[in-house]
Amino acid sequence: VGTDPVLIGIEFKGKFSVKHDYPKKSFSFEFWERADDTGDIDDVKRPLLGMPEREDWWLRGPYGDPSLVRDRFALEAWRATRAGGEWAPASEFVELVINGSYDGVYLLVEAVKRKPLGIGKAKDEVPAEETGFLVEREGQGGCFGKWELKYPKCDDDKMTPERLAHIRGRLDRVTELADQALAYAKGENE
């Protein structure tokens, strides 16, 4: 960003690290600038560390992953396997200093938004298996337990039982694959 002062809005990101009072929290932040004519604050896009200009960024505090590999590996796997040029977030490791105090290594990530992923509103004419969705693990819960459906919402009037069942099946499959990978890593494979 440079050495000039920059306005940012910052808040804790992720309910899990805050709820369990982890010493290393994750943050979301956005760049701001004052509008000359009104003095109001507007969001502004800025590039960081060679990544594209974005308004919103995440600083992932990998407290639960002392290897610092898991999140970065998952993001790089997403980037490497995306089909048809689908968008995937860029990321870079950074060292974070807050008010002169070193806070450790974080993963700077482009905020995941539905528009770059091509996720639109659920529509009656779109088959359930073609409905895009965005979820977050360890969310508030709701209609998918530990998975929080960020978009579309479970109570969206277009979220038919078929769409909800399709999403549930996809999330169950992801959970199954993650459990298999964990078992393999622990040497519990057959």
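Modeller: A quick definition before we start: a strand is a DSSP run of E at least two residues long, and strands are numbered from the N terminus. Keep in mind that this is a predicted model. With that in hand, Leu 134 sits in a strand covering residues 134-137, namely strand 7.

Colleague: Okay, then is Leu 134 buried or exposed?
Modeller: The cut-off for buried is under 20% relative accessible area. Leu 134 has a relative accessible area of 17%, so it falls under that cut-off and counts as buried.

Colleague: How many Å separate the C-alpha atoms of Leu 134 and Lys 150?
Modeller: Along the chain, these two residues are 16 apart. In space, the separation between the C-alpha atoms of Leu 134 and Lys 150 is 5.4 Å.

Colleague: Let's zoom out. What pattern does the protein chain follow along the sequence?
Modeller: The parts list for the protein chain is three helices and eight strands. Put in sequence order, with α for helix and β for strand, they read β-α-β-β-β-α-β-β-β-β-α.

Colleague: And what percentage of the residues in the protein chain count as buried?
Modeller: The protein chain exposes about 12,600 Å², with carbon and sulfur atoms supplying 51% of that area. As for the residues, there are 190 of them, and the share that counts as buried is 31%.

Colleague: Which strand gives the largest share of the largest nonpolar core?
Modeller: That core has 13 residues, and those touching the most other members are Phe 29, Phe 31, Leu 48, Trp 57, Leu 59, Tyr 106 and Leu 108. Two or more residues each come from strand 2, strand 4, strand 5 and strand 6. The largest share is three residues, and it comes from strand 2.

Colleague: Why would residues like that gather in one place?
Modeller: There's a general trend behind it. In soluble globular proteins, what tends to be buried together is nonpolar side chains.

Colleague: How many residues are in the second, separate core?
Modeller: Among its members are Leu 75, Leu 107, Val 109 and Ala 111. The full count for this second core is seven.

Colleague: Back to strand 2: is Ser 28 buried or exposed?
Modeller: Ser 28 is part of strand 2, which runs over residues 26-34. Leaving out residues up to four places away in sequence, Ser 28 touches Gly 9, Ile 10, Glu 11, Lys 13, Trp 57 and Trp 58. Its relative accessible area is 14%, and the cut-off is under 20%, so Ser 28 is buried.

Colleague: What about Val 44, buried or exposed?
Modeller: Val 44 belongs to strand 3. Its contacts beyond four places in sequence are Phe 31, Trp 32, Glu 33, Arg 54 and Glu 55. Its relative accessibility is 15%, which is under the 20% cut-off, so Val 44 counts as buried.

Colleague: How many Å lie between the C-alpha atoms of Asp 56 and Lys 113?
Modeller: Asp 56 has its place in strand 4, and at 18% relative accessibility it counts as buried. Lys 113 is one of its contacts, along with Phe 29, Glu 30, Glu 110 and Ala 111, if neighbours within four places in sequence are set aside. The two residues are 57 apart along the chain, yet their C-alpha atoms are separated by 9.2 Å.

Colleague: Is Leu 49 buried or exposed?
Modeller: Leu 49 lies in the loop between strand 3 and strand 4. It has a positive phi of about 50 degrees, although it isn't a glycine. Exposed means over 50% relative accessible area, and Leu 49 is at 53%, so it counts as exposed.

Colleague: Which loop holds Asn 99?
Modeller: Asn 99 also has a positive phi of about 50 degrees without being a glycine. At 81% relative accessibility, this residue counts as exposed. Its loop is the one between strand 5 and strand 6.

Colleague: Last one: how many residues lining the largest cavity are charged?
Modeller: The search finds one cavity of 30 Å³ or more, and the largest cavity has a volume of about 40 Å³. Its lining is made of Pro 62, Asp 65, Leu 68, Asp 71, Arg 72, Phe 93 and Leu 107. Sorted by type, four are nonpolar, none are polar, and the number of charged ones is three.

Notes
Residues are numbered from 1 along each chain as its sequence is written. This is a predicted model: local features need pLDDT of at least 70, side-chain atom pairs count only at pLDDT 80 or more; totals for chains, interfaces and linings use all residues. Side-chain values use heavy atoms; hydrogens and water are left out. Helices (H or I, at least four residues) and strands (E, at least two) are DSSP runs, numbered from the N terminus. Buried means under 20% relative accessible area, exposed over 50%, partly exposed in between (1.4 Å probe, protein chains only). Contact means heavy atoms within 4.5 Å. A nonpolar core is a set of buried Ala, Val, Leu, Ile, Met, Phe, Trp, Tyr and Cys residues joined through side-chain atoms within 4.5 Å. On a 1 Å grid over the protein atoms alone, a cavity is a set of points where a 1.4 Å probe fits but cannot get out, and a pocket is an open set with protein on both sides within 12 Å along at least five of seven lines; lining residues have an atom within 4 Å of a point. Grid points are joined across faces, edges and corners, and a volume is the space filled by probe spheres set on the points. Ala, Val, Leu, Ile, Met, Phe, Trp, Tyr, Cys and Pro count as nonpolar, Asp, Glu, Lys and Arg as charged, and the others, Gly among them, as polar. Accessible areas come from the Shrake-Rupley method with a 1.4 Å probe; for residues, only the protein chains shown count as cover.
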